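Please examine the model shown below. The questions that follow concern its confidence, its fold and its core.

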Amino acid sequence: MTDVPCAIGFGISTPGQAKNMAAVSDGAIVGSAIVKIIARYGTEAGPELYKYVKSMKEAVSEA
């Protein structure tokens, strides 16, 4: 529809949702899900964030 890059982000928190949105846009924006991981794990959030972001990246790459 446009040459302007467009990313979608509202309520995207699972790899499946990210894949579906990336299929119809130039990217998926995730915010709240990352904040929730940090809130849950605090200073130990690093490994959990890595796993989460990796799964999201893989899903978007499949789109």
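Q: What is the mean pLDDT of the protein chain?
A: This is a predicted model, in which local features need pLDDT of at least 70, side-chain atom pairs count only at pLDDT 80 or more, and totals for chains, interfaces and linings use all residues. Residues are numbered from 1 along each chain as its sequence is written, and side-chain values use heavy atoms, with hydrogens and water left out. On pLDDT, the predictor's confidence in each residue from 0 to 100, 98% of the residues reach 70 or more, and the chain mean is 92.

Q: Which pattern does the protein chain follow along the sequence?
A: Helices (H or I, at least four residues) and strands (E, at least two) are DSSP runs, numbered from the N terminus. The chain has three helices and two strands. Read in sequence order, they give β-α-β-α-α.

Q: Which helix gives the most to the largest nonpolar core?
A: A nonpolar core joins buried Ala, Val, Leu, Ile, Met, Phe, Trp, Tyr and Cys residues through side-chain atoms within 4.5 Å; buried means under 20% relative accessible area, exposed over 50%, and partly exposed in between (1.4 Å probe, protein chains only). The largest such core has eight residues, including Ile 12, Ile 37 and Leu 49. H2 and helix H3 (46-62) each supply at least two of its residues. The greatest contribution, three residues, comes from H3.

Q: Is Ser 55 buried or partly exposed?
A: Ser 55 belongs to helix H3. Its C-alpha atom is separated by 6.3 Å from that of Pro 15, 40 residues away along the chain. Because its relative accessibility is 24%, Ser 55 is classed as partly exposed.
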